[in-house]
There are 2 protein chains.
Amino acid sequence: MENKTERFEKLLVKNGLKRTAPRLQVLEILSGRDSATSQPYLEQVMGKDADRVTLYRVLQAFEEKGIIHKVLDQQGTANYAICSDGCSAHEHHDEHVHFNCDNCHKIYCLDAVKVPALKVPAGFKVEHLNLIATGICASCSDKVN
Amino acid sequence: MENKTERFEKLLVKNGLKRTAPRLQVLEILSGRDSATSQPYLEQVMGKDADRVTLYRVLQAFEEKGIIHKVLDQQGTANYAICSDGCSAHEHHDEHVHFNCDNCHKIYCLDAVKVPALKVPAGFKVEHLNLIATGICASCSDKVN
DNA sequence: ATGTTAATGCAATTATGTTGCAAATATAGC
DNA sequence: GCTATATTTGCAACATAATTGCATTAACAT
(Lines give C-alpha, C1' and ligand atoms only; values in the text may rest on other atoms or scores of the structure.)
Protein backbone atom coordinates (compact mmCIF):
# COMPACT_ATOMS: atom_id res chain seq x y z
CA MET A 1 0.00 0.00 0.00
CA GLU A 2 1.27 3.41 -0.88
CA ASN A 3 1.96 5.64 2.06
CA LYS A 4 -0.15 8.55 3.14
CA THR A 5 2.14 11.32 2.01
CA GLU A 6 2.28 9.87 -1.49
CA ARG A 7 -1.49 9.79 -1.61
CA PHE A 8 -1.67 13.41 -0.57
CA GLU A 9 0.88 14.45 -3.15
CA LYS A 10 -1.12 12.76 -5.87
CA LEU A 11 -4.24 14.42 -4.59
CA LEU A 12 -2.62 17.83 -4.89
CA VAL A 13 -1.23 17.21 -8.35
CA LYS A 14 -4.56 15.84 -9.54
CA ASN A 15 -6.12 19.13 -8.57
CA GLY A 16 -3.46 21.28 -10.18
CA LEU A 17 -1.96 22.35 -6.88
CA LYS A 18 1.73 22.28 -6.16
CA ARG A 19 2.86 20.00 -3.37
CA THR A 20 4.05 22.45 -0.77
CA ALA A 21 4.85 21.92 2.87
CA PRO A 22 1.88 23.83 4.32
CA ARG A 23 -0.58 21.97 2.12
CA LEU A 24 0.80 18.58 3.01
CA GLN A 25 0.80 19.51 6.65
CA VAL A 26 -2.86 20.51 6.57
CA LEU A 27 -3.78 17.22 4.91
CA GLU A 28 -1.74 15.32 7.50
CA ILE A 29 -3.49 17.01 10.38
CA LEU A 30 -6.98 16.69 8.96
CA SER A 31 -6.54 13.02 8.08
CA GLY A 32 -5.27 12.24 11.56
CA ARG A 33 -8.44 13.35 13.26
CA ASP A 34 -11.77 11.64 13.67
CA SER A 35 -13.78 14.81 13.46
CA ALA A 36 -13.84 18.06 11.55
CA THR A 37 -11.12 20.46 12.55
CA SER A 38 -11.51 24.13 13.24
CA GLN A 39 -9.43 26.84 11.67
CA PRO A 40 -8.22 28.04 15.09
CA TYR A 41 -7.08 24.54 16.00
CA LEU A 42 -5.18 24.18 12.76
CA GLU A 43 -3.60 27.55 13.30
CA GLN A 44 -2.48 26.52 16.74
CA VAL A 45 -1.08 23.15 15.71
CA MET A 46 0.80 24.55 12.75
CA GLY A 47 2.24 27.28 14.89
CA LYS A 48 4.96 29.13 13.11
CA ASP A 49 5.33 26.44 10.47
CA ALA A 50 3.01 28.42 8.32
CA ASP A 51 1.65 31.90 8.26
CA ARG A 52 -1.94 32.42 9.25
CA VAL A 53 -2.65 33.89 5.85
CA THR A 54 -1.22 30.83 4.15
CA LEU A 55 -3.52 28.63 6.17
CA TYR A 56 -6.54 30.63 5.05
CA ARG A 57 -5.46 30.34 1.47
CA VAL A 58 -4.69 26.64 1.67
CA LEU A 59 -8.10 25.94 3.14
CA GLN A 60 -9.79 28.08 0.54
CA ALA A 61 -7.97 26.36 -2.31
CA PHE A 62 -8.78 22.93 -0.92
CA GLU A 63 -12.41 23.80 -0.56
CA GLU A 64 -12.65 25.12 -4.11
CA LYS A 65 -11.10 21.95 -5.46
CA GLY A 66 -13.39 19.75 -3.42
CA ILE A 67 -10.56 18.26 -1.38
CA ILE A 68 -12.07 19.32 1.91
CA HIS A 69 -15.47 20.57 2.93
CA LYS A 70 -16.40 23.20 5.41
CA VAL A 71 -18.89 22.76 8.21
CA LEU A 72 -19.95 25.63 10.38
CA ASP A 73 -20.55 24.77 14.00
CA GLN A 74 -23.22 26.36 16.14
CA GLN A 75 -20.92 29.27 16.92
CA GLY A 76 -20.30 29.95 13.26
CA THR A 77 -16.71 28.78 13.39
CA ALA A 78 -15.44 27.10 10.26
CA ASN A 79 -14.46 23.45 10.61
CA TYR A 80 -12.89 21.38 7.91
CA ALA A 81 -12.87 17.72 7.02
CA ILE A 82 -11.42 15.79 4.12
CA CYS A 83 -14.06 14.94 1.57
CA SER A 84 -14.94 11.41 0.68
CA ASP A 85 -13.51 10.26 -2.64
CA GLY A 86 -16.54 11.15 -4.68
CA CYS A 87 -15.99 14.88 -4.35
CA SER A 88 -14.52 17.21 -6.92
CA ALA A 89 -14.52 20.90 -7.66
CA HIS A 90 -17.66 20.44 -9.72
CA GLU A 91 -19.70 18.38 -7.41
CA HIS A 92 -19.66 17.98 -3.71
CA HIS A 93 -21.04 14.79 -2.28
CA ASP A 94 -20.87 15.82 1.30
CA GLU A 95 -24.54 15.71 2.03
CA HIS A 96 -24.17 13.61 5.08
CA VAL A 97 -25.22 14.69 8.52
CA HIS A 98 -22.84 16.55 10.80
CA PHE A 99 -22.97 16.08 14.51
CA ASN A 100 -21.85 18.90 16.77
CA CYS A 101 -21.17 17.72 20.31
CA ASP A 102 -22.28 20.22 22.95
CA ASN A 103 -19.74 18.85 25.38
CA CYS A 104 -16.44 18.39 23.52
CA HIS A 105 -17.47 20.58 20.58
CA LYS A 106 -16.18 18.10 18.07
CA ILE A 107 -17.91 17.89 14.76
CA TYR A 108 -18.41 14.41 13.40
CA CYS A 109 -19.21 13.64 9.82
CA LEU A 110 -21.80 10.92 10.02
CA ASP A 111 -21.19 9.61 6.53
CA ALA A 112 -23.48 6.70 7.14
CA VAL A 113 -26.48 8.89 7.86
CA LYS A 114 -28.14 10.21 4.75
CA VAL A 115 -29.99 13.47 4.68
CA PRO A 116 -33.62 12.68 4.04
CA ALA A 117 -35.39 14.11 1.04
CA LEU A 118 -37.35 17.23 1.73
CA LYS A 119 -40.61 18.76 0.60
CA VAL A 120 -40.33 22.48 0.09
CA PRO A 121 -42.94 25.02 -0.98
CA ALA A 122 -43.59 25.47 -4.68
CA GLY A 123 -41.03 27.63 -6.44
CA PHE A 124 -38.12 26.81 -4.19
CA LYS A 125 -35.36 24.80 -5.81
CA VAL A 126 -33.14 22.96 -3.37
CA GLU A 127 -29.52 22.56 -4.44
CA HIS A 128 -27.93 21.38 -1.24
CA LEU A 129 -29.02 20.22 2.15
CA ASN A 130 -27.02 20.87 5.23
CA LEU A 131 -28.14 19.06 8.32
CA ILE A 132 -26.41 19.64 11.61
CA ALA A 133 -27.42 17.79 14.71
CA THR A 134 -26.30 18.94 18.12
CA GLY A 135 -26.20 16.89 21.28
CA ILE A 136 -23.79 14.58 23.06
CA CYS A 137 -21.45 12.38 21.09
CA ALA A 138 -20.78 8.71 21.78
CA SER A 139 -17.41 9.42 23.32
CA CYS A 140 -18.77 11.99 25.78
CA SER A 141 -21.73 9.79 26.66
CA ASP A 142 -19.32 7.05 27.64
CA LYS A 143 -17.29 9.28 29.90
CA VAL A 144 -20.32 10.23 31.95
CA ASN A 145 -21.01 6.62 32.80
CA MET B 1 -56.82 45.12 16.32
CA GLU B 2 -54.01 46.48 18.42
CA ASN B 3 -51.20 48.02 16.50
CA LYS B 4 -47.79 46.55 15.97
CA THR B 5 -45.90 48.77 18.35
CA GLU B 6 -48.27 47.93 21.17
CA ARG B 7 -47.76 44.26 20.49
CA PHE B 8 -44.00 44.69 20.63
CA GLU B 9 -44.17 46.64 23.87
CA LYS B 10 -46.19 43.90 25.47
CA LEU B 11 -43.73 41.35 24.18
CA LEU B 12 -40.87 43.20 25.84
CA VAL B 13 -42.64 43.63 29.14
CA LYS B 14 -43.71 40.01 29.17
CA ASN B 15 -40.05 39.07 28.96
CA GLY B 16 -38.93 41.47 31.66
CA LEU B 17 -37.27 43.83 29.22
CA LYS B 18 -37.75 47.55 29.26
CA ARG B 19 -39.33 49.08 26.20
CA THR B 20 -36.48 51.09 24.75
CA ALA B 21 -36.09 52.68 21.36
CA PRO B 22 -33.39 50.35 20.00
CA ARG B 23 -35.34 47.27 21.01
CA LEU B 24 -38.53 48.44 19.40
CA GLN B 25 -36.64 49.41 16.30
CA VAL B 26 -35.10 45.97 15.96
CA LEU B 27 -38.52 44.36 16.31
CA GLU B 28 -39.93 46.73 13.71
CA ILE B 29 -37.24 45.92 11.20
CA LEU B 30 -37.36 42.19 11.73
CA SER B 31 -41.13 42.03 11.52
CA GLY B 32 -41.16 44.01 8.30
CA ARG B 33 -39.11 41.48 6.42
CA ASP B 34 -40.10 38.16 4.91
CA SER B 35 -36.79 36.50 5.65
CA ALA B 36 -34.20 36.33 8.38
CA THR B 37 -32.10 39.44 8.72
CA SER B 38 -28.37 39.62 9.11
CA GLN B 39 -26.58 41.49 11.83
CA PRO B 40 -24.71 43.64 9.26
CA TYR B 41 -27.97 44.59 7.57
CA LEU B 42 -29.51 45.59 10.88
CA GLU B 43 -26.43 47.58 11.71
CA GLN B 44 -26.65 49.40 8.40
CA VAL B 45 -30.36 50.15 8.61
CA MET B 46 -30.17 51.38 12.18
CA GLY B 47 -27.23 53.57 11.31
CA LYS B 48 -26.48 55.99 14.08
CA ASP B 49 -29.80 55.39 15.78
CA ALA B 50 -28.10 52.84 17.94
CA ASP B 51 -24.59 51.89 18.80
CA ARG B 52 -23.16 48.71 17.37
CA VAL B 53 -22.66 47.34 20.84
CA THR B 54 -26.27 48.01 21.72
CA LEU B 55 -27.41 46.06 18.69
CA TYR B 56 -25.33 43.07 19.74
CA ARG B 57 -26.78 43.24 23.22
CA VAL B 58 -30.35 43.66 22.04
CA LEU B 59 -30.03 40.64 19.77
CA GLN B 60 -28.43 38.63 22.52
CA ALA B 61 -31.15 39.52 25.00
CA PHE B 62 -33.88 38.71 22.49
CA GLU B 63 -32.31 35.39 21.69
CA GLU B 64 -32.03 34.44 25.36
CA LYS B 65 -35.66 35.28 25.95
CA GLY B 66 -36.78 33.34 22.91
CA ILE B 67 -38.10 36.39 21.10
CA ILE B 68 -35.92 35.82 18.07
CA HIS B 69 -33.85 32.94 16.84
CA LYS B 70 -30.51 32.94 15.13
CA VAL B 71 -29.72 31.17 11.90
CA LEU B 72 -26.23 31.01 10.51
CA ASP B 73 -26.04 31.22 6.76
CA GLN B 74 -23.52 29.35 4.65
CA GLN B 75 -20.94 32.08 5.23
CA GLY B 76 -21.33 31.83 8.99
CA THR B 77 -23.05 35.18 9.28
CA ALA B 78 -25.69 35.45 11.96
CA ASN B 79 -29.22 36.08 10.75
CA TYR B 80 -32.20 36.71 12.96
CA ALA B 81 -35.90 36.13 12.67
CA ILE B 82 -38.77 36.61 15.06
CA CYS B 83 -39.80 33.36 16.65
CA SER B 84 -43.20 31.87 16.21
CA ASP B 85 -45.46 32.27 19.22
CA GLY B 86 -44.57 28.96 20.78
CA CYS B 87 -41.08 30.02 21.74
CA SER B 88 -39.88 31.07 25.15
CA ALA B 89 -36.63 31.35 27.02
CA HIS B 90 -36.97 27.77 28.14
CA GLU B 91 -37.86 26.12 24.95
CA HIS B 92 -37.20 27.01 21.38
CA HIS B 93 -39.54 25.59 18.79
CA ASP B 94 -37.60 26.74 15.81
CA GLU B 95 -36.75 23.37 14.38
CA HIS B 96 -38.13 24.21 11.02
CA VAL B 97 -36.10 24.22 7.85
CA HIS B 98 -34.24 27.31 6.75
CA PHE B 99 -33.76 28.07 3.11
CA ASN B 100 -30.71 30.05 2.06
CA CYS B 101 -31.08 31.47 -1.45
CA ASP B 102 -27.85 31.35 -3.44
CA ASN B 103 -29.03 34.24 -5.57
CA CYS B 104 -30.49 36.88 -3.26
CA HIS B 105 -28.92 35.41 -0.10
CA LYS B 106 -32.14 35.74 1.81
CA ILE B 107 -32.87 33.21 4.49
CA TYR B 108 -36.43 31.98 4.65
CA CYS B 109 -37.90 30.22 7.61
CA LEU B 110 -39.97 27.44 6.11
CA ASP B 111 -42.17 26.98 9.13
CA ALA B 112 -44.37 24.56 7.27
CA VAL B 113 -41.57 22.12 6.58
CA LYS B 114 -40.74 19.91 9.50
CA VAL B 115 -37.30 18.51 10.09
CA PRO B 116 -37.51 14.77 9.62
CA ALA B 117 -36.52 12.42 12.39
CA LEU B 118 -33.04 11.06 12.14
CA LYS B 119 -31.26 7.81 12.84
CA VAL B 120 -27.83 8.34 14.34
CA PRO B 121 -25.16 5.84 15.36
CA ALA B 122 -25.41 4.25 18.79
CA GLY B 123 -24.19 6.44 21.60
CA PHE B 124 -25.00 9.75 19.97
CA LYS B 125 -27.76 11.72 21.63
CA VAL B 126 -29.40 14.31 19.42
CA GLU B 127 -30.67 17.43 21.17
CA HIS B 128 -31.38 19.72 18.26
CA LEU B 129 -31.55 19.48 14.52
CA ASN B 130 -30.61 22.30 12.26
CA LEU B 131 -31.45 21.85 8.62
CA ILE B 132 -30.44 24.43 6.09
CA ALA B 133 -31.28 24.05 2.44
CA THR B 134 -29.55 26.12 -0.19
CA GLY B 135 -30.77 26.80 -3.68
CA ILE B 136 -32.96 29.29 -5.48
CA CYS B 137 -35.95 30.79 -3.73
CA ALA B 138 -39.39 31.19 -5.24
CA SER B 139 -38.95 34.89 -5.79
CA CYS B 140 -35.66 34.50 -7.66
CA SER B 141 -37.03 31.61 -9.73
CA ASP B 142 -39.83 33.85 -10.90
CA LYS B 143 -37.52 36.61 -11.98
CA VAL B 144 -35.55 34.30 -14.25
CA ASN B 145 -38.67 33.39 -16.24
C1' DA C 1 20.03 24.70 -15.18
C1' DT C 2 16.81 28.12 -15.88
C1' DG C 3 12.53 30.68 -16.65
C1' DT C 4 7.80 31.02 -15.48
C1' DT C 5 4.09 30.66 -12.61
C1' DA C 6 2.21 29.59 -8.29
C1' DA C 7 2.57 29.97 -3.46
C1' DT C 8 4.23 31.89 0.71
C1' DG C 9 5.19 35.35 4.32
C1' DC C 10 5.01 39.86 6.00
C1' DA C 11 2.82 44.29 6.83
C1' DA C 12 -1.01 46.85 6.83
C1' DT C 13 -5.82 47.21 6.77
C1' DT C 14 -10.59 46.10 7.58
C1' DA C 15 -14.18 43.67 9.71
C1' DT C 16 -16.22 41.55 13.65
C1' DG C 17 -17.13 40.82 18.34
C1' DT C 18 -16.26 41.80 23.50
C1' DT C 19 -15.56 44.25 28.02
C1' DG C 20 -15.62 47.96 31.49
C1' DC C 21 -17.56 51.90 32.93
C1' DA C 22 -19.91 56.36 33.18
C1' DA C 23 -24.07 58.66 31.68
C1' DA C 24 -28.79 58.30 30.45
C1' DT C 25 -33.37 56.43 30.76
C1' DA C 26 -37.35 53.38 31.98
C1' DT C 27 -40.31 52.31 35.54
C1' DA C 28 -41.77 51.17 40.32
C1' DG C 29 -42.92 53.37 44.60
C1' DC C 30 -44.13 57.28 46.81
C1' DG D 1 -45.51 64.28 39.14
C1' DC D 2 -41.12 63.34 41.56
C1' DT D 3 -37.57 60.47 43.13
C1' DA D 4 -34.88 56.24 43.81
C1' DT D 5 -33.09 52.30 41.63
C1' DA D 6 -31.87 49.08 38.42
C1' DT D 7 -31.47 48.50 33.61
C1' DT D 8 -29.85 49.93 29.37
C1' DT D 9 -27.21 52.56 26.46
C1' DG D 10 -23.07 54.66 24.27
C1' DC D 11 -18.31 55.39 24.22
C1' DA D 12 -13.61 53.89 24.34
C1' DA D 13 -10.52 50.48 24.41
C1' DC D 14 -9.43 46.05 23.40
C1' DA D 15 -9.40 41.45 21.27
C1' DT D 16 -9.98 38.42 17.55
C1' DA D 17 -10.75 37.10 12.83
C1' DA D 18 -10.25 37.74 8.06
C1' DT D 19 -8.61 40.18 3.72
C1' DT D 20 -5.45 42.58 0.50
C1' DG D 21 -1.16 44.04 -1.79
C1' DC D 22 3.29 43.11 -2.69
C1' DA D 23 7.97 41.41 -2.62
C1' DT D 24 10.35 37.06 -1.99
C1' DT D 25 10.62 32.23 -2.42
C1' DA D 26 9.84 27.75 -4.14
C1' DA D 27 7.86 24.27 -7.41
C1' DC D 28 8.17 22.23 -11.66
C1' DA D 29 8.00 22.20 -16.89
C1' DT D 30 11.16 22.68 -20.41
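**Entry 1: the surface near DNA strand D**

I looked up which elements form the surface near DNA strand D in this predicted model. I found that α4 of chain A, together with α2 (21-31) and α4 of chain B, each supply at least two residues. The greatest contribution is that of α4(A), which gives four residues.

I then listed the residues around DNA strand D and counted 18. Those that come nearest are A:Arg19, A:Tyr56, B:Thr20, B:Arg23 and B:Arg57. Of the strand D atoms that come within 4 Å of the protein, 60% belong to sugar and phosphate. By residue class, I noted nine charged, six nonpolar and three polar residues on this surface.

**Entry 2: polar contacts to DNA strand D**

Which part of DNA strand D does the side chain of A:Arg19 approach at 2.6 Å? I recorded a phosphate oxygen as the partner of an N or O atom of A:Arg19. For A:Arg52, a polar side-chain atom lies 2.8 Å from a base nitrogen of the strand. The side chain of B:Arg57 has an N or O atom 2.6 Å from a base oxygen of DNA strand D.

**Entry 3: DNA strand C**

I turned to DNA strand C and found 19 residues around it. A:Thr20, A:Arg23, A:Arg57, B:Arg19 and B:Tyr56 come nearest. Sugar and phosphate make up 59% of the strand C atoms within 4 Å of the protein. I sorted the residues of this surface into nine charged, seven nonpolar and three polar.

I next examined single contacts to DNA strand C. An N or O atom in the side chain of B:Arg19 is 2.4 Å from a phosphate oxygen. A polar side-chain atom of A:Thr54 also lies 2.8 Å from a phosphate oxygen of this strand. In the case of A:Lys18, the side chain places an N or O atom 2.9 Å from a sugar or linking oxygen. The elements giving two or more residues to this surface are α2 (21-31) and α4 (52-65) of chain A and α4 (52-65) of chain B.

**Entry 4: the nonpolar core**

I looked up the largest nonpolar core, which has 28 residues. Which residues have the most contacts inside this core? They are A:Phe99 and B:Phe99. In chain A and in chain B, β4 (96-101), β5 (107-114), β6 (125-136) and α5 (138-144) each supply at least two residues of the core.

I followed B:Phe99 further, leaving aside residues up to four places away in sequence. In chain A, B:Phe99 touches A:Phe124, A:Lys125 and A:Val126. Its contacts in chain B include B:Ile107, B:Tyr108, B:Leu110, B:Ala133 and B:Ile136.

Notes. Residues are numbered from 1 along each chain as its sequence is written. Chains are lettered from A and ligands numbered from 1 in the order in which they are written. This is a predicted model: local features need pLDDT of at least 70, side-chain atom pairs count only at pLDDT 80 or more; totals for chains, interfaces and linings use all residues. Side-chain values use heavy atoms; hydrogens and water are left out. A residue is near a molecule or strand if one of its heavy atoms lies within 4 Å of it. A polar contact is a pair of N or O atoms within 3.5 Å; within protein, one must be able to donate a hydrogen and the other to accept it, and residues adjacent in sequence count only if both atoms are side-chain atoms. Ala, Val, Leu, Ile, Met, Phe, Trp, Tyr, Cys and Pro count as nonpolar, Asp, Glu, Lys and Arg as charged, and the others, Gly among them, as polar. A nonpolar core is a set of buried Ala, Val, Leu, Ile, Met, Phe, Trp, Tyr and Cys residues joined through side-chain atoms within 4.5 Å. Buried means under 20% relative accessible area, exposed over 50%, partly exposed in between (1.4 Å probe, protein chains only). Contact means heavy atoms within 4.5 Å.
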